[in-house]
Amino acid sequence: MKIICVARNYAEHAKELKNEIPDAPVIFIKPDTAFKRKKQPFFLPDFSKDMHYETEIVLRICKNGKNISEAFANNYFDAVTTGIDFTARDLQQELKKKGWPWEIAKGFDGSACVGDFLPKSQFDDLKNLNFCMYKNKVLTQKGNTGDMIFPFEKIISYASKFFTLLKGDLIFTGTPVGVGPVTFNDHIECFVEDESVLEFDVK
Ligand code: MG
């Protein structure tokens, strides 16, 4: 299983990190060892002093595909959830400054937290899907898929030009504005619409 992620897919978030709005999806990959199950705690690694949450809608790929056209991309995922793309922001900024790949700041063990998947058929309009994250019971980040620069179909089509999609792969579709730090003992809970799909502690 591979985890494909999209960076800078919400204009307001790109601006908050002083990044340009991209003209094609900005893609990176997390290895399968980054996957963290729902209830497992997230352990703060010792190589970062500025660990950020990025709350994102995650798609579950349901069949294999290569060079998928946007018109058929919807057939390639069957479920959605909310996840956290944990990012060692201090490390990432250092790497970006040097022009180096940022994989170690994004793809480390446990950095891809994935909630319980909900069948996409339960939602009327995937282009108007609300999702959010509560930190210590306080609403901390929220988004709506209508604000994405590149919609699900575009991401699937574009990513599948370079990486054959396999059943079980996951796609993190980008974070809205409002990223920020987590600290020891924070409690995180994520929702798709009104449904709680992910809950864990930071340790
Ligand atoms: Mg992200």
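**Reading a predicted model, feature by feature**

Tutor: Let us begin with two strands that run antiparallel, strand 4 and strand 13, which are joined by 2 bridges. Please keep in mind as we go that this is a predicted model.

Student: Which residue in strand 13 is the bridge partner of His52?

Tutor: The partner of His52 is Pro181, which belongs to strand 13.

Student: In what order do the strands of this open sheet lie?

Tutor: The sheet has 3 strands in the order 7-4-13, and the pairing is antiparallel. Its edge strands are strand 7 (87-88) and strand 13 (180-181), each of which pairs on one side only.

Student: How many bridges hold strand 10 and strand 11 together?

Tutor: Strand 10 (residues 130-135) pairs with strand 11 (residues 138-144) over 6 bridges, again in the antiparallel sense. One of the places to look is Lys135, whose bridge partner in strand 11 is Val138. These two strands form a hairpin with 2 residues between them, and there Asn136 takes a positive phi near 55°. Strand 10 is also joined to strand 14 (residues 187-192), by 5 bridges and with the two running antiparallel; here Cys132 stands opposite Phe191.

Student: You have just named a cysteine; how many disulfides does a search of the whole structure find?

Tutor: The general idea comes first: a disulfide is a covalent bond that links the sulfur atoms of two cysteines. In this structure the search finds 0 of them.

Student: Why is there no such bond at Cys113?

Tutor: A pair of cysteine sulfur atoms has to lie within 2.5 Å to count as a disulfide. The closest cysteine sulfur to that of Cys113 is in Cys190, and because it is 8.2 Å away, it is too far for a bond. For Cys190 the closest cysteine sulfur is in Cys132, at 7.7 Å, which is also too far for a bond. Cys113 counts as buried, at 0% relative accessibility, and Cys190 counts as buried at 0% as well.

Student: Which residues coordinate the magnesium ion?

Tutor: The ion is coordinated by Glu54 and Glu56 through OE and by Asp85 through OD, at 2.0 to 2.1 Å. Along the chain these donors follow the spacing E-x1-E-x28-D. Glu56 lies in strand 5 (residues 55-61) and Asp85 in strand 6 (residues 77-85), so this pair ties together parts that are 29 residues apart in sequence.

Student: Are Glu56 and Asp85 buried or exposed?

Tutor: Glu56 has 0% relative accessibility and counts as buried, and Asp85, also at 0%, counts as buried too.

Student: How should I read the surroundings of a helix, and how many residues of helix 4 are buried?

Tutor: As a general idea, an α-helix has 3.6 residues a turn, so residues three or four places apart point the same way. Helix 4 (residues 152-162) is mostly covered, with 8 of its 11 residues buried; among them are Phe152, Ile155, Ile156 and Ala159. What covers these buried residues includes strand 1 (3-7), strand 2 (26-30), strand 5, strand 6 and strand 12 (170-172).

Student: How many aromatic pairs does the structure hold?

Tutor: It holds 9 aromatic pairs. In one of them, the rings of Phe42 and Phe86 have centres 3.7 Å apart and planes at 15°, so the pair is stacked. Phe42 lies in the loop between strand 3 and strand 4, and Phe86 in the loop between strand 6 and strand 7, so the pair ties together parts 44 residues apart in sequence. Both of these residues are buried. Phe42 also forms a tilted pair with Phe108, at 6.4 Å centre to centre and with 55° between the planes. Phe42, Phe47, Phe86, Phe108 and Phe200 form one aromatic cluster.

Student: Which rings have a lysine over them?

Tutor: The charged end of Lys63 sits over the ring of Tyr76, 4.8 Å from its centre, and Lys120 lies over the face of Phe77, at 4.2 Å from the ring centre.

Student: Is Phe43 buried or exposed?

Tutor: Phe43, found in the loop between strand 3 (35-36) and strand 4 (51-53), is exposed, with a relative accessible area of 55%. Although Phe43 and Asp201 are 158 residues apart in sequence, they are 8.6 Å apart in space, C-alpha to C-alpha.

Methods
Residues numbered from 1 in each chain as written. Predicted model: local features only at pLDDT ≥ 70, side-chain atom pairs only at ≥ 80, totals over all residues. Heavy atoms only, no water. Helix = DSSP H or I, 4+ residues; strand = E, 2+ residues; numbered from the N terminus. Buried < 20%, exposed > 50% of the residue type's maximum accessible area, 1.4 Å probe, protein only. Donors = N, O, S within 2.8 Å, 3.2 Å for Na, K, Ca; no water. Pairing = 2+ DSSP bridges. Contact = heavy atoms within 4.5 Å. Phe/Tyr/Trp six-rings, centres within 6.5 Å; stacked < 30°, edge-to-face > 60°. Lys NZ or Arg CZ within 6 Å of the ring centre and 35° of its normal.
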